[in-house]
Amino acid sequence: MRTASLLLMVRRELARTRGPLFSAGFGIAVGGGALVFFLSLGLGARKVLLGEVFPINQVELEPQKTSAGLLSLLGGPHEPASIDAETVAALRAIDGVTEVYPKLRFRFPSMARGGKEILGREIGTHEMVGDGIDPELLSGDVDAQLFADPLKADAKVCRVNEDCPEAQYCELPSEAEQGKCSAPVPAVVSRYLVELFDHAVAPAHGLPPVAETLVTRAQGVVFDMTLGNSLLGVARQGKERKVKIRVVGISSKAIDLGVTLPAPVVRRWNREYAGHKAADTYSSLVVRVEDASATAHVITAAQNYSLSPRDTRARDVSVLISSVLAILLLVSGVILLVAALNITHTFRVLVTERAHEIGLYRALGATRGDMRRWLLSMAAVVGIAAGAVGCVVARGAAWIADWRGRVDLPDFPFKPDSFFVFPPWLFAVGVAFAAIFAVLGAVGPAIRAAHTDPARTLGRDR
């Protein structure tokens, strides 16, 4: 049978039995729409939770924690484990690793206060946490020139801040008799900190949110930071002094709670307040992998260097999302299976009612393959049409869910503009699965139609 003749037969039969086929396609549309809806919801959850809150393609490694015991408290200052440059080079050589970001944690107590220009009044913390990273590692987030060490070798010599230009301060180390004028030290913060401030801290203290203005306006806002002293105590060496920092942007590589400064600055301050070892070693490493599946391999390799993940929430959230998504997809699969059984029943009735016509087609030269292609083509058309309708319904349901989310749900950290992600391939998957289940439902009736005996059928009709 030629293709044109096959298409003509399919079109005529669809027009004749549009009522039963519509009913059969309804279940396919529901199943395909549920599949697309749940997949888009899962993709949206992964985008926010595993792309912004807990990035799944990177892991922060730190020295394995050991129990020091009570007697260690009597042995003087505690020296935390650290990571040397050789370990950093070894991790960079592991297959699947694309980037390694060494971090240098503050090894001295500090405080900070400021923000009047952007918040209307000054705020502060009596215990500032922070770390340092190399400026070139912020490419794509912040201009590397904005995040460079501001202390210049040829800077003006000074003893107090008044010796420097208005926009600078005097960087005077503890044991030095004179220092150099320096611009405020650039700092970046994490989006997690900004979201936490906007949705938890700011409402409690009557402060305006800063998420929309931090990057554009905070570059002109300078904070005073006290080195060597905080609420919990003083540094083991060095003297208390004040420096100036300036927030220049938001970065995914910044510490979650605190500030991240250029590594040369933190290294210089660690040496001043905690000694040379604190300046020459790293506190943790952020390892970014080419594919999320390589994360487990990197973690296993890092154990050879006594390193372990600092946070396993990304892995736990990934497992949770995958489990919930699997259950939802199972529900969609059950709906499609029931719809396929409905297709089977509809086409079985169709074959029974069209037995005389099928026998006539066979008598006129139609082969068994022609009969199978005829019914399976009809099922494919029903499945494609139902799948397309299901995709449209799923997209509309997602729009309604996002609208109700904006209206009914309060603001919370990392609240997305949309809870769903609809890549183009998702619609193709929805239509394809709908067509596949429809065709599977019609396989049995198609085989039955192909085995129709024209002599017996036409002879019985006489």
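1. D131 is buried in this predicted model, with a relative accessible area of 0%, and the side chain of D131 meets that of K103 in a salt bridge, with 3.6 Å from N to O. The two residues come from distant parts of the chain, 28 residues apart, since K103 belongs to strand β2 (residues 97–105) and D131 to strand β5 (residues 130–133). K103 has a relative accessibility of 5%, and because buried means under 20%, K103 counts as buried too.

2. A contrasting setting is found at R113 and E122, whose side chains also meet in a salt bridge, again with 3.6 Å from N to O. Here R113 is partly exposed, at a relative accessible area of 46%, and E122 is likewise partly exposed, at 40%. A reader who looks at this pair beside K103 and D131 will therefore see one salt bridge between partly exposed residues and one between buried residues.

3. Another pair to inspect is E171 and R241, whose side chains meet in a salt bridge at 2.9 Å, N to O. E171 lies in strand β7 (residues 169–171) and R241 in strand β13 (residues 241–250), so this salt bridge ties together parts of the chain that are 70 residues apart in sequence. E171 counts as buried at 3% relative accessibility, and R241 is buried as well, with a relative accessible area of 9%. Which residues are joined into one network by salt bridges that share partners? They are E171, R241 and E272. In the structure as a whole there are seven salt bridges, and the pairs described above are among them.

4. Strand β7, which holds E171, also takes part in an open sheet of three strands, where the order is β6-β8-β7 and the pairing is antiparallel. The edge strands of this sheet are β6 (157–158) and β7, each of which pairs on one side only. Between β6 and strand β8 (residues 179–182), which run antiparallel, there are two bridges, and across this pairing V157 stands opposite K180 in β8.

5. Strand β13, which holds R241, is paired with β9 in the parallel sense, over five bridges. Along this pairing, V189 stands opposite I250 in β13. How many of the residues of strand β9 (residues 185–189) are buried? Five of its five residues are, and the strand is described as mostly covered. Both faces of β9 are covered, with V185, A187 and V189 buried on one side and P186 and V188 buried on the other.

6. For the protein as a whole, the model has 14 helices and 16 strands. Of its 462 residues, 44% count as buried, and the protein exposes about 24,200 Å², of which carbon and sulfur atoms supply 60%. Among contacts between residues at least 6 apart in sequence, 79% join residues that are at least 24 apart. The salt bridge of K103 and D131, with its partners 28 residues apart, and that of E171 and R241, with partners 70 residues apart, give two places where the reader can follow links between separated parts of the chain.

Definitions and conventions:
Residues are numbered from 1 along each chain as its sequence is written. This is a predicted model: local features need pLDDT of at least 70, side-chain atom pairs count only at pLDDT 80 or more; totals for chains, interfaces and linings use all residues. Side-chain values use heavy atoms; hydrogens and water are left out. A salt bridge is a side-chain nitrogen of Lys or Arg within 4 Å of a carboxyl oxygen of Asp or Glu. Helices (H or I, at least four residues) and strands (E, at least two) are DSSP runs, numbered from the N terminus. Buried means under 20% relative accessible area, exposed over 50%, partly exposed in between (1.4 Å probe, protein chains only). Two strands pair if DSSP finds at least two bridges between them. Contact means heavy atoms within 4.5 Å. Accessible areas come from the Shrake-Rupley method with a 1.4 Å probe; for residues, only the protein chains shown count as cover.
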